[in-house]
Amino acid sequence: MFKVNEDYLKLRGSYLFSNIGKKVNTFAAEHPDASIIKMGIGDVTQPLVPAIINSLHDAVDEMGHIETFRGYAPDLGYEFLRKAIADNDYKARDCQIEADEIFISDGAKCDSGNIQEIFAKDNKIAVCDPVYPVYVDTNVMAGRTGSFDEKSETWSDVIYMPCTEATNFAPELPKETPDLIYLCFPNNPTGSTITKAQLQEWVDYANKVGAVIIYDAAYEAYISEKDVPHTIFECEGARTCAIELRSFSKNAGFTGTRLGATVIPKDLKSGDVMLHSLWARRHGTKYNGAPYIIQRAGEAVYSPEGKAQLKDQVAYYMNNAKCIMEGLASAGFSVSGGVNAPYIWMKTPDKMTSWQFFDYLLEKANVVGTPGSGFGPSGEGYFRLTAFNTYENTVEAIKRMQKL
Ligand code: MLT
C-alpha cells in the first residue's frame with residue numbers, strides 16, 4: 001500500500017495566494033455587479049514592452065526554420081542570456097560573477113522553493129517574519145521545520161527574525177545560529193530595504209558561522225534610493241556565503257511568460273563540495289530549461305531599447321506606489337514600504353486583524369489586498385497592497401479606501 005509524504009500533511013491550509021483567490025472568486029460569484037480591484041498577489045498588469053515582443057517574434061520565426069530551429073536548451077541556460085545577466089547585473093556593478101555561475105530557470109518562485117533540496121535535512125533555517133511563504137512551506141514539505149505550534153503560529157525548528165516597526169521592518173542577527181538564512185530585499189511583503197552596510201553585516205555573520213544566505217533579489221529594479229544594494233554580491237565576502245535568486249517577473253513583466261536566474265558562485269563550498277556542482281546536477285536531472293524563445297525575450301531586457309522601456313514601466317508602477325502611499329497617509333492610515341519596492345505595508349485600522357480587514361475591504365470597497373498575517377505571525381495587524389494594478393484602478397481603489 002502506498003504511503004504519502006507525511007510532511008505535506010503538516011502544511012497549513014492552501015498556499016496563501018490560492019486561498020485569497022478562492023475567497024475573491026466566492027465573493028465575485030455572490031456579488032456579480034461588484035467591480036473588484038485586485039491589489040493582492042504581486043502580479044503585473046502592463047504588457048510586455050516592444051523590445052521584448054520583437055525579440056519573441058524573431059525567436060518564434062527562428063523556430064519555424066530548420067536552420068535556426070532549437071530543441072532542448074542547454075541545461076544551465078543559453079550562454080547569450082547568462083552573459084547578458086553577468087555583464088549587466090553584476091560586472092556593470094563591479095561584482096565578480098561569471099556567466100557560468102548563473103543558472104537560468106522558469107522563475108524565482110521555483111528556484112526559491114527548490115534550492116533547499118541541495119542542503120541536508122537537519123540544516124536549520126532562519127526566516128524573516130513576515131516572510132514570502134514559499135521559503136517556509138517548501139522546507140515544511142522537505143521535513144525540515146519540526147512541528148507547528150497553533151498558539152504562536154510558528155514551526156519548532158525554524159528561527160524567526162521578527163521584522164516589525166521597532167526594527168524598521170529589518171531583521172536582526174538571530175540569537176540561535178542558523179545554517180540557511182533567507183533574506184529578501186527590497187522586501188516582500190513589507191517593501192522595506194537595508195543599506196549596503198547592513199547587508200555586509202549579514203555577509204560577515206554568515207561567513208563567520210558557516211551559514212548560507214539565500215538572497216531573493218526579485219524586486220531589485222524598484223530600488224530608487226542610493227546606498228541600497230542591488231545584489232548581495234556588492235558585499236565583500238558574499239562569494240563564499242551567498243546564493244542569489246533573480247526574477248524577470250517584476251522588472252520586465254514575465255509573471256506569465258516565466259523566467260528567472262539563480263547565481264551560485266563557485267567559491268561557495270561545504271568542505272570540498274561546490275554548491276554550484278550540486279545545483280548543476282539537480283538542474284541537469286530535473287529540469288529541461290526555460291524555452292529558447294523566452295530566453296531570447298529575457299536577453300531583450302538588457303538591450304538599450306529594452307532597458308529604456310522597462311525603466312518607464314517600473315516608473316509607472318512606482319507612481320502607483322506613490323499614489324497609494326500618499327492617498328492612504330492623507331486618509332490617516334499608517335503606511336510604509338513603497339519607496340524602493342512595489343509593495344505598501346499598512347497597519348490595519350481600528351485594531352482589526354489582517355483577515356478581518358481583508359473581508360472588510362473586499363465587502364465595503366471591493367478592493368483585494370493580502371493579509372499580513374498570511375506572511376507570518378509578526379504580520380498580524382498589517383495588510384499588503386501592490387502597486388502592480390493599472391494607474392486608473394489604483395486611483396479608484398485609493399478613493400474607495402479614503403471613504404471607508
Ligand atoms: C507575491 O505576491 O508575493 C508574489 O507575486 C508572489 C510570487 O512572486 O510568487
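Biologist: Which residues surround the ligand?

Modeller: A residue counts as near a molecule if one of its heavy atoms lies within 4 Å of it. In this predicted model, the ligand is surrounded by Phe17, Ile41, Gly42, Lys109, Tyr132, Asn188, Tyr219, Lys250, Tyr343 and Arg384. As for ground rules, the model is predicted, so local features need pLDDT of at least 70 and side-chain atom pairs count only at pLDDT 80 or more, while totals for chains, interfaces and linings use all residues. Residues are numbered from 1 along each chain as its sequence is written, and side-chain values use heavy atoms, with hydrogens and water left out.

Biologist: Where does Gly42 offer a polar atom to the ligand?

Modeller: At its backbone: a polar backbone atom of Gly42 is 2.6 Å from an oxygen atom of the ligand. Asn188 and Lys250 use their side chains instead. A polar side-chain atom of Asn188 lies 2.8 Å from a ligand oxygen atom, and one of Lys250 lies 2.7 Å from a ligand oxygen atom.

Biologist: Happy with that. Now, how many residues does helix H9 have?

Modeller: Helices (H or I, at least four residues) and strands (E, at least two) are DSSP runs, numbered from the N terminus. The expected span of a helix is 1.5 Å times one less than its number of residues. H9 (residues 275-286) has twelve residues, and its 16 Å from first C-alpha to last is close to the expected 16 Å.

Biologist: Which residues of H9 are buried?

Modeller: Buried means under 20% relative accessible area, exposed over 50%, and partly exposed in between (1.4 Å probe, protein chains only). Leu275, His276, Trp279, Arg282 and His283 are buried in H9. They lie on the same side of H9 because they cover an arc of only 130° around the axis, the arc being that of the directions from the helix axis to the C-beta atoms. Arg281 and Thr285, on the other side of H9, are exposed.

Biologist: Lovely. Which residues touch the most other members of the largest nonpolar core?

Modeller: A nonpolar core is a set of buried Ala, Val, Leu, Ile, Met, Phe, Trp, Tyr and Cys residues joined through side-chain atoms within 4.5 Å. In the largest one, of 67 residues, they are Phe119 and Met401. Helix H11 (residues 304-330) supplies the largest share of this core, seven residues. Contact means heavy atoms within 4.5 Å. Not counting residues up to four places away in sequence, Phe119 touches Arg144, Leu180, Val212, Ile214, Ile243 and Leu275.

Key
Polar contact = N/O pair within 3.5 Å; in protein donor to acceptor, adjacent residues only side chain to side chain.
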